[in-house]
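User: Please go through the assignments made for this structure. For each label, I would like to see the value set against its criterion.

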Amino acid sequence: ENVLFSGPAGSGKTSFLRDAARLISLSQDGNVMIVDPDDELTGFGSAVHSSAGLARRATWHQEFGPAPDFLTTLIEEHLPRTLVIDEPNKWFKEDTPQFLASCSKSVQLVCSVQGSLASCSATLGLADVKTIFSN
């Protein structure tokens, strides 16, 4: 199932996501990819921090943003079972629903958003949130 965590800034969403990624990655079928362009979930440097378990990291140069087919290509080439994204709307902007919908059928999504579920629904579109995270 796809999972969406919401909460105010400083409520522990990022820490919770990191721990979820670690636990899932250490499970028998744990094949986890963390989308982490600012290194907040997996640590700075070329190696993924041990707190992320066996999860792998995907990133891009922040000045350019992700390519339109970033998530689709990531899934096709790396075959993760779970994709973890902290605040996807921060990275994918108004295209967040399209980015997430493009991969929500082939992988488990574990995401967070800042604010309430109502504000997330207003930002991303209630129909899109329900479609993506009600699987």
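User: Which residues does F5 touch beyond those up to four places away in sequence, and what makes them contacts?

Analyst: In this predicted model, F5 touches K13, F16, L17, V110, C111, S112 and V113 when residues up to four places away in sequence are not counted. They are called contacts because heavy atoms lie within 4.5 Å. F5 itself is found in strand β1. Its C-alpha atom is 9.3 Å from that of S116, a residue 111 positions away in sequence.

User: Why is the pair of F5 and F16 called edge-to-face?

Analyst: The ring centres are 4.5 Å apart and the planes meet at 70 degrees. A pair requires centres within 6.5 Å, and planes over 60 degrees apart count as edge-to-face. Both criteria are met, so the pair of F5 and F16 is edge-to-face. The pair links distant parts of the chain, with F5 in strand β1 (residues 3-7) and F16 in helix α1 (residues 13-25), 11 residues apart.

User: Why are F5 and F16 described as partly exposed?

Analyst: The relative accessible area is 22% for F5 and 46% for F16. Buried means under 20% and exposed means over 50%, with partly exposed in between. Both values fall in that interval, so F5 and F16 are each partly exposed.

User: How many aromatic pairs does the structure hold, and what makes the pair of F92 and F99 stacked?

Analyst: The structure holds two aromatic pairs. In the pair of F92 and F99, the centres are 4.2 Å apart and the planes are 20 degrees apart. Planes under 30 degrees apart count as stacked, so the label applies to F92 and F99. Both of these residues are buried.

User: How do you know that F99 is buried, and what surrounds F99?

Analyst: The relative accessibility of F99 is 8%. The limit for buried is under 20%, so F99 qualifies. Leaving aside neighbours within four places in sequence, F99 is in contact with P66, A67, P68, F70, L71 and F92. F99 is found in helix α4 (residues 96-103). The C-alpha atoms of F99 and L117 are 19 Å apart in space, with their positions 18 residues apart in sequence.

User: Is M33 buried or exposed, and what is in contact with M33?

Analyst: M33 has a relative accessible area of 2%. Since buried means under 20%, M33 is buried. M33 lies in strand β2 (residues 32-35). Apart from neighbours within four places in sequence, M33 is in contact with R56, R57, A58, L74, H78, P80, T82, L83 and V84. The C-alpha atom of A55, 22 residues away along the chain, is separated from that of M33 by 5.6 Å.

User: What makes the backbone at L79 and E87 worth a remark?

Analyst: L79 has a phi near 50 degrees, a positive value in a residue other than glycine. E87 has a positive phi of about 50 degrees, although E87 is not a glycine. L79 is in the loop between α2 (70-78) and β4 (82-86). E87 lies in the loop between β4 and α3 (88-92).

User: Why are L79 and E87 given opposite labels, exposed or buried?

Analyst: L79 has 58% relative accessibility, and exposed means over 50%, so L79 counts as exposed. E87 has 14%, and buried means under 20%, so E87 counts as buried.

User: What is the order of helices and strands, and why is the chain called as compact as a globular protein of that length?

Analyst: There are six helices and five strands in the chain. Along the sequence they follow the pattern β-α-β-β-α-β-α-α-β-α-α. The radius of gyration is 14 Å, close to the 14 Å that the globule rule gives for 135 residues, so the chain is as compact as a globular protein of that length. Taken along the principal axes, the C-alpha atoms fill a box of roughly 35 × 35 × 30 Å.

User: What share of the residues and contacts do burial and sequence separation account for?

Analyst: Of the 135 residues, 42% count as buried. Among contacts with a separation of 6 or more, 68% come from residues 24 or more positions apart.

User: What are the figures for surface and charge?

Analyst: The accessible surface comes to about 7,100 Å², of which 54% belongs to carbon and sulfur atoms. The chain has 10 positive and 16 negative side chains, and the centres of the two sets lie 6 Å apart.

Key: Residues are numbered from 1 along each chain as its sequence is written. This is a predicted model: local features need pLDDT of at least 70, side-chain atom pairs count only at pLDDT 80 or more; totals for chains, interfaces and linings use all residues. Side-chain values use heavy atoms; hydrogens and water are left out. Helices (H or I, at least four residues) and strands (E, at least two) are DSSP runs, numbered from the N terminus. The radius of gyration is taken over C-alpha atoms; the globule rule is 2.2 Å times the number of residues to the power 0.38. Buried means under 20% relative accessible area, exposed over 50%, partly exposed in between (1.4 Å probe, protein chains only). Accessible areas come from the Shrake-Rupley method with a 1.4 Å probe; for residues, only the protein chains shown count as cover. Lys and Arg count as positive and Asp and Glu as negative; His and the chain ends are not counted. The place of a charge is taken as NZ of Lys, CZ of Arg, CG of Asp or CD of Glu. Rings of Phe, Tyr and Trp (its six-membered ring) pair if their centres lie within 6.5 Å; planes under 30 degrees apart count as stacked, over 60 as edge-to-face and the rest as tilted.
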